[in-house]
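Please walk through this structure with attention to where charged side chains meet and where enclosed space remains.

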Amino acid sequence: MPASSSSLLIDTPRTDLASCRALLAGGSRSFRIASFLLPGAVGDAACQLYAFCREADDLIDEGDDPGRALAVLEARITAIYQGQPGPSSIDRSLCEVVSRYHMPRNLLDALLEGFAWDADGRRYATLSDVLDYSARVAGSVGVMMTLLMGERCPQVLARAADLGAAMQLTNIARDVGEDARAGRLYLPLAWLTEAGIDPEEFLNSPHHSEALARVIKRLLNEADRLYKRADNGIRSLPRGCRPGIYAARLLYHGIGVQLARQDYDAVSLRAVVPNRAKLSLMARAARAGALPDDQLSDPPLAQTKFLIPARDSAPETLPESAARSGFNGRLAWMLELFEAMDARDRAAALEHRLR
């Protein structure tokens, strides 16, 4: 009797990667853009890593029992580090990444700890506390991404953690209103109190004010400081990876610029970088090699120091594709995409005015 067509399907690294891409297809637009701009092997590994991170976040956020979800995820990670991943294509993909790039487990554990803090509804009294959270949910990802590029220099990894933390501070600033309406608050409570804002009253009735604008601006100033620290770490990445990471840095910083243009109103408005501005930022990303050269020796933030593995913790293995750029072709494709999106948005706005 002939075998059924389904029995002929065999899981392979290629089909596992396709499953990871399918998971991200319904969202994570910014990440998909960034991964497209990275060299092939690095972009693939980033996709495999992010698919697990995305699934973990969804399991904790959308499930009825976050504690149980965390326990299941910790068990999955343990199996992966024992070289015995479960039947999930995402677990098999992460196992491949962990093995190939010598990924320290504490980075994934830190990420899960950040997710646990979210599930607990934790609030943060000071900027230092916010940075503790940012180190876990974003600094850890910055370090993991840098390891995927074959870079293990502790100073470069420290700058990658800076970049992740800066992006998270930008996320917090942009999402103040959305988070508050969901009962979440990530701004430093001490800053709110200093500005005359009662955190509980704000959560009960989120609204924009000049006092809140000052707090958001203050947080974005801290993000800007970390973006500047991160720049020289980007300059130290393999040449083919620099433009893609610099593009992500510029696009996130652009969110802060847009917030400033709307008087730091993150409650009634959502800051979105216009497509025309994205075009300019993406073009700037091609000049990533012209970054300053004065901050690489700065020590890591106290909050991210635990994320930085020793240089000799694993052999340095630079993925072959990371040495090749190919960025100009990818950039040209992205510029055409943004132009098409911009034209579509203008046509939709015109149609709306004519109704």
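With which residue does Glu178 form a salt bridge? In this predicted model, the partner of Glu178 is Arg270, and the closest N and O atoms of the two lie 3.1 Å apart. This pair links distant parts of the chain, since Glu178 belongs to helix H9 (residues 176–181) while Arg270 sits in the loop between helix H13 (242–261) and helix H14 (275–285), 92 residues apart. Glu178 counts as partly exposed, at 42% relative accessibility, and Arg270 is likewise partly exposed, with a relative accessible area of 45%.

Salt bridges that share partners also join Arg159, Asp162, Arg229 and Asp298 into one network. Within it, the side chains of Arg159 and Asp162 meet in a salt bridge at 2.7 Å, N to O. Because Arg159 and Asp162 are three residues apart in helix H8 (residues 154–174), about one helical turn separates them. Arg159 counts as buried, at 1% relative accessibility, and Asp162 counts as buried as well, at 0%.

Another pair to follow is the salt bridge between Arg76 and Glu55, in which the closest N and O atoms are 2.6 Å apart. Here too the pair links distant parts of the chain, with Arg76 in helix H4 (residues 66–81) and Glu55 in helix H3 (residues 40–62), 21 residues apart. The two partners fall on either side of the 20% limit for burial: Arg76 is buried, with a relative accessible area of 16%, whereas Glu55, at 21% relative accessibility, counts as partly exposed. These pairs are among the 17 salt bridges found in a search of the whole structure.

From charged contacts the reader may turn to enclosed space. Rolling a probe the size of a water molecule over the atoms shows where empty space is left. The count comes to two cavities of 30 Å³ or more, and the largest holds about 40 Å³ of space. Its lining is made up of Trp117, Asp118, Gly121, Arg122, Arg123, Gly183, Arg184, Leu185 and Tyr186, which divide by class into three nonpolar, two polar and four charged residues.

The second largest cavity has a volume of about 30 Å³ and is lined by Ile172, Val176, Asp179, Arg184, Leu185, Tyr186 and Leu187. By class, the lining of this second cavity has five nonpolar, no polar and two charged residues. Arg184, Leu185 and Tyr186 appear in the linings of both cavities.

Methods. Residues numbered from 1 in each chain as written. Predicted model: local features only at pLDDT ≥ 70, side-chain atom pairs only at ≥ 80, totals over all residues. Heavy atoms only, no water. 1 Å grid on protein atoms, 1.4 Å probe; cavity = no way out; pocket = protein on both sides within 12 Å on 5 of 7 lines; lining within 4 Å. Points joined across faces, edges and corners; volume = space filled by probe spheres on them. Nonpolar A, V, L, I, M, F, W, Y, C, P; charged D, E, K, R; others polar. Salt bridge = Lys/Arg side-chain N within 4 Å of Asp/Glu carboxyl O. Helix = DSSP H or I, 4+ residues; strand = E, 2+ residues; numbered from the N terminus. Buried < 20%, exposed > 50% of the residue type's maximum accessible area, 1.4 Å probe, protein only.
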